[in-house]
Structure formats: structure tokens, C-alpha cells
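Subject: The structure I promised you

Hi,

Here is the structure I said I would pass on. Have a look at it first, then read my notes underneath.

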Amino acid sequence: MTFTAFRDRIGFTSDFIYRLNNEADSFRFSDSANIDLALGYRLFPGIYKSFHDKVLNVYLEFNTLLSQRACLNGEEVLDSGGTVAFLSPGVQAVLTPRFLVEAALQIPVLQNLSGSQLAFSATASFGI
């Protein structure tokens, strides 16, 4: 489920994704939910005139992943599942109606993992 709203130079986007996983070879991957909120601001142009305008946006996202514990042979895997939240600033350049470039930094701000698991670290992403 996704919601997006824009007013003048400010945009808000949110989404909710639930993954219902099943079992394979006696291992059941955990069900998980993603909740994402993003606030965007159009730096350029000051006034959007047409679909062909070059656009520069900056974003601040809050991404959350909640996951249950996995199961192996019907037993919960104690070192699985938990909650992770990220703060993700980013930039997006729309160069033509069909081409954009974007980059973001995803910084973990909350990690409540079950059992002993590898912690998340900051990551950068780049896309075209």
C-alpha cells in the first residue's frame, strides 16, 4: 500500500509492505513488514512548469523493518527476527522525463534484533 501527496515544493510518500513467507526444506523464513515514510523537497525548479523540466529533489526517509523469528523443523530460530529502523537522506536529479539519477545514505538508528545477529551498518546506494 502506497500513499503520495505533493503540495508546491514539498512531497510526502509512505508505504507499507507485508511479506508472508512460506516453508522450504523444513525452514520457514520469517514474515516481515516494511514501513517507510519520506519527506521530499524540490530544490529546483522553484516553480514546476512541465513534465520536461529538469528537477532536483532532496529527501529524508525513515525506513523500518519488522520481522518475526524464522522456524527450522517447527522450532523458532532464536537468533532471527527483530526490528531495525534507518534514517535515509537522499538526493534525486530528474534529467529527462525517462531518466533520473539518485543517491542515498541509509543510517541505522534503532536495532532491536533477537538473539545474536550481525548488526546493520550505514550503507550508500546509487541508482539510475
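Let me start with a question: is Asp31 buried or exposed? Asp31 is buried: its relative accessible area is 6%, and the cut-off for buried is under 20%. Before you go on, keep in mind that this is a predicted model, so everything below is computed from a prediction.

**The salt bridges**

Asp31 has a charged partner. Its side chain meets the side chain of Arg28 in a salt bridge, with 3.1 Å from N to O. Arg28 is partly exposed, at 23% relative accessible area, whereas Asp31 is buried. Searching the whole structure gives 2 salt bridges. Another salt bridge brings together the side chains of Arg69 and Glu76, at 3.7 Å from N to O. Arg69 is partly exposed too, with a relative accessibility of 30%.

**The chain as a whole**

Now zoom out. How many helices and strands does the chain have? There are 0 helices and 11 strands, and if you walk along the sequence you read β-β-β-β-β-β-β-β-β-β-β.

The overall outline is worth a look as well. Along the principal axes, the C-alpha atoms fill a box of roughly 60 × 25 × 25 Å. The radius of gyration of the chain is 19 Å, while a compact globule of 128 residues would come out near 14 Å. As for burial, 23% of the 128 residues count as buried. If you take the contacts between residues at least 6 apart in sequence, 46% of them join residues at least 24 apart.

**A sheet of four strands**

Try to find this one on your screen. An open sheet is made of 4 strands in the order 3-4-7-8, with antiparallel pairing. Strand 3 (23-24) and strand 8 (75-76) are its edge strands, and each of them pairs on one side only. Strand 3 is joined to strand 4 (residues 27-28) by 2 bridges, and the two run antiparallel. Within that pairing, Glu23 stands opposite Arg28 of strand 4. You have met Arg28 already, in the salt bridge with Asp31.

**Strands 9, 10 and 11**

Next, go further along the chain. Strand 9 and strand 10 form a hairpin, with 2 residues between them. They pair in the antiparallel sense over 12 bridges, and Thr83 stands opposite Asn112 of strand 10. Strand 10 also pairs with strand 11, again antiparallel, over 5 bridges. There, Ala103 has Phe126 in strand 11 as its bridge partner.

Here is a handy thing to remember when you look at strands. In a regular strand, side chains alternate between the two faces of the sheet.

One residue to click on is Ser88, which lies in strand 9 (residues 82-96). Ser88 is buried, with 5% relative accessible area. What does the side chain of Ser88 make a polar contact with? The partner is the side chain of Asn63, at 2.7 Å. Setting aside residues up to four places away in sequence, Ser88 touches Tyr59, Leu60, Glu61, Asn63, Leu105 and Gln106.

**The aromatic pairs**

A pair of aromatic rings is described by how far apart the centres are and by the angle of the planes. In this model the count comes to 3 aromatic pairs. One of them is Phe27 with Phe29, an edge-to-face pair at 4.8 Å centre to centre and 80° between the planes. Phe27 is partly exposed, at 25% relative accessibility.

Phe86 and Phe120 are also an edge-to-face pair, with 5.6 Å centre to centre and 85° between the planes. This pair links distant parts of the chain: Phe86 is in strand 9, and Phe120 is in the loop between strand 10 (99-113) and strand 11 (123-127), 34 residues apart. Phe86 counts as buried at 9% relative accessibility, while Phe120 is partly exposed at 38%.

**Back at the beginning**

Last stop: Ala5, in strand 1 (residues 2-7). Ala5 is partly exposed, with a relative accessible area of 32%. Not counting neighbours within four places in sequence, Ala5 is in contact with Ile10, Gly11 and Phe12. Phe16 is 11 residues along the chain from Ala5, and their C-alpha atoms are separated by 15 Å.

Enjoy exploring!

How values were computed:
Residues are numbered from 1 along each chain as its sequence is written. This is a predicted model: local features need pLDDT of at least 70, side-chain atom pairs count only at pLDDT 80 or more; totals for chains, interfaces and linings use all residues. Side-chain values use heavy atoms; hydrogens and water are left out. Two strands pair if DSSP finds at least two bridges between them. A salt bridge is a side-chain nitrogen of Lys or Arg within 4 Å of a carboxyl oxygen of Asp or Glu. Buried means under 20% relative accessible area, exposed over 50%, partly exposed in between (1.4 Å probe, protein chains only). A polar contact is a pair of N or O atoms within 3.5 Å; within protein, one must be able to donate a hydrogen and the other to accept it, and residues adjacent in sequence count only if both atoms are side-chain atoms. Contact means heavy atoms within 4.5 Å. Rings of Phe, Tyr and Trp (its six-membered ring) pair if their centres lie within 6.5 Å; planes under 30 degrees apart count as stacked, over 60 as edge-to-face and the rest as tilted. The radius of gyration is taken over C-alpha atoms; the globule rule is 2.2 Å times the number of residues to the power 0.38.
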